[in-house]
Amino acid sequence: MTQHAQAGDTQRESIFTVEATPVKFGSGAALDAGWELRRLGAQRVFVVIDPHVRRLGVADPVLAAMRAAGLDLTEFTDVETEPDLAALERAVEAARAAQPDSFAAIGGGSAIDTAKVANLLFTHGGQIMEYVNAPVGAGRRPPSALRPLLAIPTTSGSGSEATTVAILDLPHLQIKTGLSHRTLRPAQAIVDPDLTRTAPPAVTAAAGLDVVCHAAESYLSRPYTTRERPATPDDRPPYQGSNPVADLWSAQALRYGGQYLRRAVHGTGGEPDTGARGFMMLSATMAGVGFGSAGVHIPHACAYPIAGLRHAYRHPGYPGEKMFVPHGFSVIVTAPAAFRFTFDADPARHLFAATCLTGQSYAPDDRDALPDALLNLMRDVGAPSSVAALGYDESDIPALVDGALKQQRLLAVAPRQPTPDDLAQIFLESMHQS
């Protein structure tokens, strides 16, 4: 089997690790926030809250539950959608002023990622760029655990509540990238479908497409046994390649995405379908566990320069006036071409991923099965389906390729390693697809 190292092979990896955030799921679960923080030993909590969520009152009952538990709260709402370095530095400064013993986040992936970075820098000091993944940053590893973090997502959903990753925009470098270490994973997540009622359809679409892409990329990542064995346990990367346990989480996340994303976006009878959004939130957490072990690769590597190179796009369905490409849209637009490129690495797995999304069977050589399933899903939820729709043209491809090549942490787990020319072809195929 490809998932197991050959006997006597001392050069290849034979170990994989699956770690998961404890998750409390269900309608009304967010009202347990105070109890959960107390269980984690909290007294003074730095609460990062998405400002849109705060303004709409979505966070009010959660904050009330925290205060009813006797917790001293510092609220931080200066959170940017798709935060850049300056936004994260403001959160770090505020956390240092508050001197909390624990952290909480109420919002989408941007709020949770902001809390992760504030927690990291408050606990261990230093500068953000010291911890950013190499070669963009220094790739410094946290020496020990962080303060407890309770993550409460309000979108369905980025999966940040279950991952070791925080993403940031670096406008001065014209790319997005991330920090990744096992200590960034939240200590507890509360996933409550009731909190998604006010999320706009476009936000639900982008977050859900991110979930689907997470799940497909992790399921199709290179087998963990194909990596070189690390010199020490500390050198084992968070993104280790596909493995039997991560496969289960990723495959089920794909099934839920195919079954529920359309309903989660469009609602039922003119009202938000909180049941479908709940399944998408559960799917996000499942995908987070899967890709937190196996990893994501080419579509995410391509997404970071798409989001970071130019800030000239604004989706009309997103709140606020900030010009940016929502992460889920930046990820999904290159996924069809990327999966055509990786198809030959393992056709059966690509076809199974397509079947999970659609419930259909495919011919053994149908390399368009998964790309077509993704394009259909993108169209059905009203997402942009091409790189050009996000404000780029063919003249931008060299810069986009250069930005993707900087994401070596991600490209390392691709089932087929792309050359610069391969990445250029993926961007070219993705430029005007529909």
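Buried means under 20% relative accessible area. The exercises below concern a predicted model.

**Exercise 1. Helix 14**

Task: Find which residues of helix 14 are buried, and what they pack against. Check how the span of helix 14 compares with the expected value.

Solution.
1. Helix 14 covers residues 369-380, twelve residues, which at 1.5 Å a residue should span 16 Å.
2. The end C-alpha atoms of helix 14 are 17 Å apart, which agrees with that expectation.
3. Applying the cut-off for burial gives Ala 369, Leu 370, Pro 371, Ala 373, Leu 374, Leu 375, Leu 377 and Met 378.
4. These buried residues pack against helix 7 (201-219), helix 8 (244-266), helix 11 (327-332), helix 12 (335-342) and helix 13 (347-358).
5. Just after helix 14 comes Gly 382, with a positive phi of about 75 degrees.

**Exercise 2. Backbone exceptions**

Task: Locate Pro 135, Glu 82 and Gln 174, and state what is unusual in the backbone at each.

Solution.
1. Start from the general rule: most residues other than glycine have a negative phi, and most peptide bonds are trans.
2. The bond joining Ala 134 and Pro 135 is a cis peptide bond, with omega about 5 degrees. Pro 135 belongs to the loop between helix 6 (128-131) and strand 5 (149-153).
3. Glu 82 is not a glycine, yet its phi is positive, near 55 degrees. Its place is the loop between strand 3 (72-76) and helix 4 (85-98). Glu 82 counts as buried because its relative accessibility is 14%.
4. Gln 174 also is not a glycine and has a positive phi, about 60 degrees. Gln 174 lies between strand 6 (165-170) and strand 7 (175-180). Its relative accessibility is 40%, so Gln 174 counts as partly exposed.

**Exercise 3. The hairpin of strand 6 and strand 7**

Task: Determine in which sense strand 6 and strand 7 pair, and how many residues of strand 7 are buried.

Solution.
1. Strand 6 and strand 7 are antiparallel and pair over six bridges.
2. One of the bridge partners is Ser 180 of strand 7, matched with Val 165.
3. Four residues separate the two strands of this hairpin, in which Gln 174 has its positive phi.
4. In a regular strand the side chains alternate between the two faces of the sheet.
5. On strand 7, Ile 175, Thr 177 and Leu 179 point one way, while Lys 176, Gly 178 and Ser 180 point the other way.
6. Both sets are buried, and the count for strand 7 is therefore six of six residues.

**Exercise 4. Cysteines**

Task: Count the disulfides in the whole structure and account for Cys 213 and Cys 356.

Solution.
1. A disulfide requires two cysteine sulfur atoms within 2.5 Å.
2. For Cys 213, the closest cysteine sulfur is in Cys 302 at 10 Å, which is too far for a bond.
3. For Cys 356, the closest cysteine sulfur is in Cys 213 at 15 Å, again too far for a bond.
4. Cys 213 is buried, with 0% relative accessible area; Cys 356 is buried at 8%.
5. The search of the whole structure gives zero disulfides.

**Exercise 5. Two buried glutamines**

Task: Identify the backbone oxygens that the side chains of Gln 433 and Gln 188 reach.

Solution.
1. Gln 433 sits in the segment after helix 17 (420-431) and counts as buried at 10% relative accessibility.
2. Its side chain reaches the backbone oxygen of Val 333 at 2.5 Å and that of Ser 385 at 3.1 Å.
3. Beyond its sequence neighbours up to four places away, Gln 433 touches Val 333, Pro 336, Leu 375, Ser 385 and Ser 386. Of these, Leu 375 is one of the buried residues of helix 14.
4. Gln 188 is in strand 8 (residues 188-191) and is buried at 5% relative accessibility.
5. The side chain of Gln 188 reaches the backbone oxygen of Pro 22 at 3.1 Å.
6. The contacts of Gln 188 include Thr 21, Val 23, Glu 36, Arg 39 and Leu 150.
7. Gln 188 and Ile 152 are 36 residues apart in sequence, with their C-alpha atoms 8.8 Å apart.

**Exercise 6. Nonpolar cores**

Task: State how many residues the largest nonpolar core has and which have the most contacts inside it.

Solution.
1. The largest core has 80 residues, and Leu 209 and Ile 298 have the most contacts inside it.
2. Helix 7 gives the largest share of this core, eleven residues.
3. Outside its neighbours within four places in sequence, Ile 298 is in contact with residues including Phe 341, Leu 411, Leu 423 and Ile 426.
4. A second, separate core has 22 residues, among them Leu 37, Ala 42, Val 58 and Leu 150.

Notes
Residues are numbered from 1 along each chain as its sequence is written. This is a predicted model: local features need pLDDT of at least 70, side-chain atom pairs count only at pLDDT 80 or more; totals for chains, interfaces and linings use all residues. Side-chain values use heavy atoms; hydrogens and water are left out. Buried means under 20% relative accessible area, exposed over 50%, partly exposed in between (1.4 Å probe, protein chains only). The expected span of a helix is 1.5 Å times one less than its number of residues. Contact means heavy atoms within 4.5 Å. Two strands pair if DSSP finds at least two bridges between them. A polar contact is a pair of N or O atoms within 3.5 Å; within protein, one must be able to donate a hydrogen and the other to accept it, and residues adjacent in sequence count only if both atoms are side-chain atoms. A nonpolar core is a set of buried Ala, Val, Leu, Ile, Met, Phe, Trp, Tyr and Cys residues joined through side-chain atoms within 4.5 Å.
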